[in-house]
Amino acid sequence: TDTMAPFAIGGLVGRVEGADLDHCVSGVALDVDQVIATSNATKIYIPVGGVVGLVSNHNTVLSNLSDLENTAAVDVHEVSCTTVSYGNSPGGVVGYTAIDNHNCTITNLTNRGSVSVGGQFGIGAGATADIDYTDVDLSVAGVVGYLDTANGSGLKNYGDLTFDFGQMWFLYIGGVAGQLGKDSVLTKSENHGKITLPYAGEHLPKIPFLHCAGVVAHTWEGSALSECDNYGGIAIAAGLTVGGASGHRYFRVGGVAGFTRGSVTNCHNQKGANIDISGSIGGAPNWQDDAIGGVVAVAYNHPVKDCSNSGAIKSGANNNSTSNGRLGHTIVGGVVGIASKYCDNVVNNGTIIFLGNTKILYLGGCVGFLGNSTNTGKVGGYTNNGRFEFRGATSEITTSACQITTKAWIGGCIGNAEGDVYNATNNGKMELCGVKHSGENRVGGVVGYITSKATDGIHSSTNTGDLI
């Protein structure tokens, strides 16, 4: 009945505060169901972990975790309150690390149990549909729901993740971590579990902000992600309605990371770790971007370095926004969907297939959209070896053709470049057929379209792939 209703639930320990925990195994299944706050509780905060729910320091005494393992299922369903719900973080091993000192270490955590989250989140009976999205937050992961203010290493997930939800606003779902907090580090970690979002739940699915990735869904400022690999596939059957108080929506799916605000180095989406998106994405937001990347969906303000993708990407979703604002942008990159800065030595070996409908498409073998940024060192290195197809009527879709209503900018390495391009090589075959288009097409063996913002242009670049 408090205005803040906290719970901490773990298979072995609910909360660890200023103590170490090591060499522990939990085989106890967790089923957290129908946690509903009373009318006085405007916020509810529930970290749930297969081993530990909540980890925090006690004054200056830190909590360090090492060699923990969970072998049983973690299920969380129906967490709500009358107005706003936030801070829900289910994890296969740990729910949430709330530690203020970054010297804390979390090492060698392993999850082998499934993680399933579903039902109605954030909105209780009688609440309005469009509540303030800024206070609703759900982080789901195979190992740590929210890895905040800590250094993580050797985290491994082997359990499958399923999210079949009703209504939620910010959703972060990652094979290893849902979110990586400010100035935190995650290294030498990997995901082997499959992530599935079938969108077939009891309530109509509605979500403005989706971040989904094989390793970590979202990283914050000052964080570092390195030497992390994904071996598990991601399957999303879209069919969701979007919207909310802000009128905006983002859809970010990456093989390793969804949205990164920190550095990404030496991370790889391995062969067989395929991304498969199908169905429809509807609603009427003012700003609608769908970004998909073999390694990173959106890399913001930091270059992606020494990363590769070997998994297939199939985007068959229809981007059906009807707003008159910026809408219907679909950005697909073999390595990075949107890169606000240059990339350094990125390689795509995976097949890319686009089957859906959208207003605007940026499609690149390595990067879908490359932003304008200072690159005085002339750093580059974009290599695409993967075949990609942009095609119409098949047995997989019912429309007569892919439909692009405004523009399609497609490049063997980069779809749309606002920054300078150095050392780009495309070896992949590009197949474009059955496309219904009423706007402008710009297709290139290396770059689809490069703008005047790229003051130095394209240098030392080659195409050997056929365009059909």
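A polar contact is a pair of N or O atoms within 3.5 Å, where within protein one atom must be able to donate a hydrogen and the other to accept it. One such pair links the side chain of Asn 111 to the backbone oxygen of Gly 113, at 2.8 Å. The model described here is predicted. Its secondary structure comes to zero helices and 59 strands, and 59% of its 468 residues count as buried.

**Confidence**

- The average pLDDT of the protein is 83, and 75% of the residues score at least 70.
- Over residues 242-246 the pLDDT stays under 50, and the model has 18 contacts beyond four places in sequence for this stretch.
- Residues 393-400 also have a pLDDT that stays under 50, with 11 contacts beyond four places in sequence.
- Where pLDDT is low, the predicted coordinates should not be read in detail.

**Overall fold**

- Of the contacts between residues at least 6 apart in sequence, 85% join residues at least 24 apart.
- An open sheet of 12 strands, with parallel pairing, follows the order E3-E8-E12-E16-E21-E26-E32-E38-E43-E47-E51-E57.
- Strand E3 (13-17) and strand E57 (447-450) stand at the edges of this sheet; each has a single partner strand, so one side of each is left without a neighbour in the sheet.
- On average, neighbouring strands of the sheet are turned by 5° against each other, direction ignored.

**Strand pairs within the sheet**

- Strand E16 (residues 144-148) pairs with strand E21 (residues 177-180) in the parallel sense, over three bridges.
- Within this pair, Leu 180 in E21 is the bridge partner of Leu 147.
- E21 also pairs with strand E26 (residues 216-219), again in the parallel sense and over three bridges.
- Here Ala 177 stands opposite Val 216 in E26.
- Further along the chain, strand E47 (residues 367-370) and strand E51 (residues 414-417) run parallel and are joined by three bridges.
- The bridge partner of Leu 370 in E51 is Ala 417.

**Nonpolar cores**

- The largest nonpolar core has 54 residues, and Leu 109, Leu 225 and Tyr 382 have the most contacts inside it.
- Another core lies apart from the largest one and has 37 residues, among them Val 76, Leu 171, Phe 251 and Ile 313.
- In soluble globular proteins, nonpolar side chains tend to be buried together.

**Ser 56**

- Ser 56 is found in strand E8 (residues 52-56).
- Its relative accessibility is 3%, so Ser 56 counts as buried, the cut-off being under 20%.
- The side chain of Ser 56 makes a polar contact of 3.0 Å with the side chain of Arg 15.
- Beyond four places in sequence, the residues in contact with Ser 56 include Arg 15, Val 16, Glu 17, Ser 63 and Ile 99.

**Ser 139**

- Ser 139 has its place in strand E15 (residues 137-141).
- With a relative accessible area of 1%, Ser 139 is buried.
- The side chains of Ser 139 and Gln 179 are joined by a polar contact of 2.5 Å.
- Leaving aside neighbours within four places in sequence, Ser 139 is in contact with residues including Asn 88, Pro 90, Tyr 146, Tyr 172 and Gln 179.

**Asn 111 and Arg 112**

- Asn 111 is found in strand E13 (residues 105-111), whereas Arg 112 is in the loop between E13 and strand E14 (115-121).
- Asn 111 counts as buried, at 0% relative accessibility, while Arg 112 counts as partly exposed, at 45%.
- Besides Gly 113, the side chain of Asn 111 has a polar atom 3.1 Å from the backbone oxygen of Gly 142.
- Asn 111 and Ala 141 are 30 residues apart in sequence, and their C-alpha atoms are 9.9 Å apart in space.
- Arg 112 and Gly 142 are likewise 30 residues apart in sequence, with a C-alpha to C-alpha separation of 8.5 Å.
- A polar contact of 2.8 Å joins the side chain of Arg 112 to that of Glu 69.
- Leaving aside neighbours within four places in sequence, Asn 111 is in contact with residues including Asn 70, Tyr 158 and Gly 159.
- On the same terms, Arg 112 is in contact with Glu 69, Asn 70, Thr 71, Tyr 158 and Gly 159.

Definitions and conventions:
Residues are numbered from 1 along each chain as its sequence is written. This is a predicted model: local features need pLDDT of at least 70, side-chain atom pairs count only at pLDDT 80 or more; totals for chains, interfaces and linings use all residues. Side-chain values use heavy atoms; hydrogens and water are left out. A nonpolar core is a set of buried Ala, Val, Leu, Ile, Met, Phe, Trp, Tyr and Cys residues joined through side-chain atoms within 4.5 Å. Buried means under 20% relative accessible area, exposed over 50%, partly exposed in between (1.4 Å probe, protein chains only). Two strands pair if DSSP finds at least two bridges between them. Helices (H or I, at least four residues) and strands (E, at least two) are DSSP runs, numbered from the N terminus. pLDDT is the predictor's confidence in each residue, from 0 to 100. Contact means heavy atoms within 4.5 Å. Axes are lines fitted to C-alpha atoms, for helices over the stretch in contact, and angles run from 0 to 180 degrees between N-to-C directions.
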